[in-house]
Amino acid sequence: MTYRIATIPGDGIGVDVTAEAVKVVDAVLPGIAWTEFDWSCEQYLRTGGMMPPDGPQLLAGFDAILLGAVGFPGVADHISLWGLLIPLRRAFGQYVNLRPVRLLPGTESALRDRTAEDLDILIVRENSEGEYSEIGGIHNPGRAEEFVLQESVFTRAGCERIIRYGFEQARERRGRLCSATKSNGLIHSMPYWDSVFERIAAEFPEVQTRQMHVDALAAEIVLHPERLDVIVASNLFGDILSDLAAAVTGGLGLAPSGNINPHRDAPSMFEAVHGSAPDIAGQGIANPIAQILAAAMMLDHLGEPKAAAAVDRAVCEVLADNGIRTPDLGGTSTTAELGTAIAERAADLIG
């Protein structure tokens, strides 16, 4: 089967690592029809828009989207985020942000004496509402009475579907699900989230459940990560916890993510968790592994588990060899050298 995949390399090292991810995918699944879109902060500086007004319509016919990092000096982060990433997530019903975090072979955790068995967590983050809401504004600007109002939105449908997705993922893994809450401080939204979690838990008696305040859960990730399997969280809490977990398991350069439309009636979008790092862009030293693993998630979502497994195993084997590594991993290899090594190993594995 031929797939049509859109790439948006973005800014900075997003361009560098996306090229390597494409290289690896082509090694295990030749014949993909790639289409690149030059949507970025640099385009915003030229045109006043991160993407054209009909951007979602241009992407709607693709099977998937591979997104590079976005961000550039001179463009505020809220402009780049609300001008590209969030509109695409919402236009395509990508209400699940899936962030697997694990300790890869040949890498070290920031935590002492931790093994790969201790550090294997799947974070299921709500991706379409919650604390990331446009409702609010600045009132009485410039006056002594100036104030800012930022509203959160927690709908019944939004909470139910993401929490149920978390339970389904836990059932397929080790059967444990932890819900991130803050019901002692957020008097309306989090007690409501907790009530939905408790109600849906009754549908999954085989899954062990915990509910933890997000601050205690952050400490749990650092002190006792082996107790955690799947975490389900609201938009903001999931964002923060996944970056913390990625840092614990070796750094953002190793952490992929997927913006998933579970109904498959629109394309899903896959990206590395890390930023655009414009200070090292084009130098050939960026670590492409997170973007390559995001591409593996994309292959699995497309129904190509053999190709996805080959890419994942190739990453693990190349890292385990302890030879070809980018500087952030303690090596001297270039971005392209690491990408090529993974592509070659993946091609051998898929046969």
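## A first look around this model

At 29% relative accessibility, asparagine 140 counts as partly exposed, because the partly exposed class runs between 20% and 50%. This is a predicted model, so keep that in mind as we go. Asparagine 140 sits in the loop that links β6 (136-139) to β7 (147-150). It isn't a glycine, yet asparagine 140 has a positive phi of about 55°.

Arginine 264 makes a good companion to look at next. Its phi is positive too, at about 60°, and arginine 264 is not a glycine either. You'll find arginine 264 in the loop between β11 (256-260) and β12 (268-272). With 53% relative accessibility, arginine 264 counts as exposed, because the cut-off for that class is over 50%.

Back to β7 for a moment, where leucine 149 lies. Leucine 149 has 38% relative accessibility and therefore counts as partly exposed. In sequence, leucine 149 and isoleucine 135 are 14 residues apart, and their C-alpha atoms are 8.1 Å apart in space. Setting aside neighbours within four places in sequence, leucine 149 is in contact with Ile135, Gly136, Gly137 and His139.

Here are the three residues side by side.

| Residue | Where | Relative accessibility |
|---|---|---|
| Asparagine 140 | loop between β6 and β7 | 29%, partly exposed |
| Arginine 264 | loop between β11 and β12 | 53%, exposed |
| Leucine 149 | strand β7 | 38%, partly exposed |

Now for the sheet. Which order do its strands follow? Ten strands line up as β2-β1-β3-β12-β11-β4-β5-β10-β8-β9, forming an open sheet with mixed pairing. At the edges are β2 (33-36) and β9 (208-213), each of which pairs on one side only. On average, neighbouring strands of this sheet are turned by 20° against each other, ignoring direction.

Let's zoom in on β11 and β12, the strands on either side of arginine 264's loop. They run antiparallel and are joined by four bridges. Serine 257 stands opposite glutamate 271, which belongs to β12. Helix α9 (residues 289-301) packs on the sheet and touches β1, β2, β3, β4, β11 and β12, with its direction at about 160° to that of β12. Helix α4 (residues 77-91) lies across β1 (4-8), β3 (64-67), β4 (96-102), β5 (120-126), β11 and β12. The angle between α4 and β12 is about 145°.

Finally, two aspartates are worth a stop. Aspartate 16 lies in helix α1 (residues 13-28). It is buried but has no salt bridge, and the nearest side chain of opposite charge, lysine 23, is 11 Å away. What does the side chain of aspartate 16 reach at 3.0 Å? That would be the backbone nitrogen of glycine 282. Not counting neighbours within four places in sequence, aspartate 16 is in contact with Ile280, Ala281, Gly282 and Thr335.

Aspartate 194 belongs to helix α6 (residues 189-201). Aspartate 194 is buried without a salt bridge, and lysine 182, the nearest side chain of opposite charge, is 11 Å away. Its side chain makes a polar contact of 3.0 Å with the side chain of serine 183. Residues up to four places away in sequence aside, aspartate 194 touches Thr181, Ser183 and Gln211.

Terms used: Residues are numbered from 1 along each chain as its sequence is written. This is a predicted model: local features need pLDDT of at least 70, side-chain atom pairs count only at pLDDT 80 or more; totals for chains, interfaces and linings use all residues. Side-chain values use heavy atoms; hydrogens and water are left out. Buried means under 20% relative accessible area, exposed over 50%, partly exposed in between (1.4 Å probe, protein chains only). Lys and Arg count as positive and Asp and Glu as negative; His and the chain ends are not counted. A salt bridge is a side-chain nitrogen of Lys or Arg within 4 Å of a carboxyl oxygen of Asp or Glu. A polar contact is a pair of N or O atoms within 3.5 Å; within protein, one must be able to donate a hydrogen and the other to accept it, and residues adjacent in sequence count only if both atoms are side-chain atoms. Contact means heavy atoms within 4.5 Å. Two strands pair if DSSP finds at least two bridges between them. Axes are lines fitted to C-alpha atoms, for helices over the stretch in contact, and angles run from 0 to 180 degrees between N-to-C directions.
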